[in-house]
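Dear colleague,

I am passing on the structure we spoke about, and my notes on it follow below. Please read them with the model open beside you.

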Amino acid sequence: MMQQCITYEGGCHCGAVRFRLEVNIYEALDCNCSICGKKGFLHLLVRPEQFTLLQGSDQLTTYTFNTKIAKHTFCSVCGIHSFYHPRSHPDWIDVNIRCLDGDLLSKFKIIPFDGVHWEENVENITTLESGS
């Protein structure tokens, strides 16, 4: 569902990492893979030009596993995973909508994604278009 582009800010729990992003598609993916389920990550895929890291690049730590394509960034102070570069869209930013400021969860349609069977389902999200 395409809507007017609105700017939001968000960040980690301690405030060391802060970002701004432009949103006009209010759909987020709820992936059931091992890492997303444990983190509680709700995925909002945005193009790099829609995302600005305001502070905290020096506080980010990166975790990789398996194919090493996804770059799972998190705050080295509080451990919160507020955004990362996903395997499905390695040049994009995947923002955890739970890390946006304010109570915005109800604005988003949450779409289940079967990440347990990632290889069989990834084509369902590689064709996503984020408006900019």
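Does Val95 count as buried or exposed? At 0% relative accessibility, Val95 counts as buried, and I begin with this residue, bearing in mind throughout that the model is a predicted one. Val95 is placed in strand β9, and once its neighbours within four places in sequence are set aside, Val95 is in contact with Phe19, Leu21, Phe41, Leu42, His43, Leu44, Val46, Phe51, Ser82, Phe83 and Leu100. Asn121, by comparison, is 26 residues from Val95 along the chain, and the C-alpha atoms of the two are separated by 20 Å.

As for the chain as a whole, the protein has 3 helices and 10 strands, and these follow one another along the sequence in the pattern β-β-β-α-β-β-β-β-β-β-β-α-α. For 132 residues, a compact globule would be expected to have a radius of gyration near 14 Å, and the 14 Å found for the protein chain agrees with that. Along the principal axes, the C-alpha atoms fill a box of roughly 35 × 35 × 25 Å. Of the 132 residues, 42% count as buried, and the accessible surface of the chain comes to about 7,100 Å², with 50% of that belonging to carbon and sulfur atoms. If one takes the contacts between residues at least 6 apart in sequence, 59% of them join residues that are at least 24 apart. The chain carries 11 positive and 15 negative charges, and the mean positions of the two sets are 5 Å apart.

The aromatic residues deserve a separate paragraph. The structure holds 7 aromatic pairs, and one of them is formed by Tyr26 and Phe108, whose rings are 5.1 Å apart centre to centre with 45 degrees between the planes, a tilted arrangement. Tyr26 lies in the loop between β2 (18–25) and β3 (27–31), and Phe108 in the loop between β9 (93–96) and β10 (109–113), so this pair ties together parts that are 82 residues apart in sequence. Both partners are buried, Tyr26 with a relative accessible area of 2% and Phe108 with one of 7%. The rings of Tyr63 and Phe65 make a stacked pair, because their planes are at 25 degrees, with the centres 5.5 Å apart. Here the partners are partly exposed, Tyr63 at 40% relative accessibility and Phe65 with a relative accessible area of 31%. Returning to Tyr26 and Phe108, I would add that they form one aromatic cluster together with Tyr8.

Two residues in one loop call for a look at the backbone. Most residues other than glycine have a negative phi. Asn66, although it is not a glycine, has a positive phi of about 50 degrees, and Lys68, also not a glycine, has a positive phi of about 65 degrees. Asn66 is placed in the loop between β6 (60–63) and β7 (72–75), and Lys68 is likewise found in the loop between β6 and β7. With a relative accessible area of 61%, Asn66 is exposed, whereas Lys68, at 45% relative accessibility, counts as partly exposed.

Finally, there are two further residues whose surroundings I looked at in the same way as those of Val95. Val17, in the loop between β1 (2–11) and β2, is buried, with a relative accessible area of 1%. Apart from neighbours within four places in sequence, Val17 is in contact with Gly10, Gly11, Cys12, Leu53, Gln55, Gly56, Gln59, Leu60, Cys75, Ser82 and Phe83. Asp103 is 86 residues from Val17 in sequence, and 19 Å separate the two in space, C-alpha to C-alpha. Leu54, which lies in strand β5 (residues 51–55), counts as partly exposed at 36% relative accessibility. Not counting residues up to four places away in sequence, Leu54 touches Glu9, Arg18, Phe19 and Arg20. Leu54 and Phe83 are 29 residues apart in sequence and 13 Å apart in space, C-alpha to C-alpha, while Phe83 is listed among the contacts of Val17 and among those of Val95.

With best wishes

Technical notes: Residues numbered from 1 in each chain as written. Predicted model: local features only at pLDDT ≥ 70, side-chain atom pairs only at ≥ 80, totals over all residues. Heavy atoms only, no water. Helix = DSSP H or I, 4+ residues; strand = E, 2+ residues; numbered from the N terminus. Rg over C-alpha atoms; globule rule 2.2 N^0.38 Å. Buried < 20%, exposed > 50% of the residue type's maximum accessible area, 1.4 Å probe, protein only. Contact = heavy atoms within 4.5 Å. Areas by Shrake-Rupley, 256 points an atom, 1.4 Å probe, with all protein chains shown as cover. Lys, Arg positive; Asp, Glu negative; His and termini not counted. Charge placed at Lys NZ, Arg CZ, Asp CG, Glu CD. Phe/Tyr/Trp six-rings, centres within 6.5 Å; stacked < 30°, edge-to-face > 60°.
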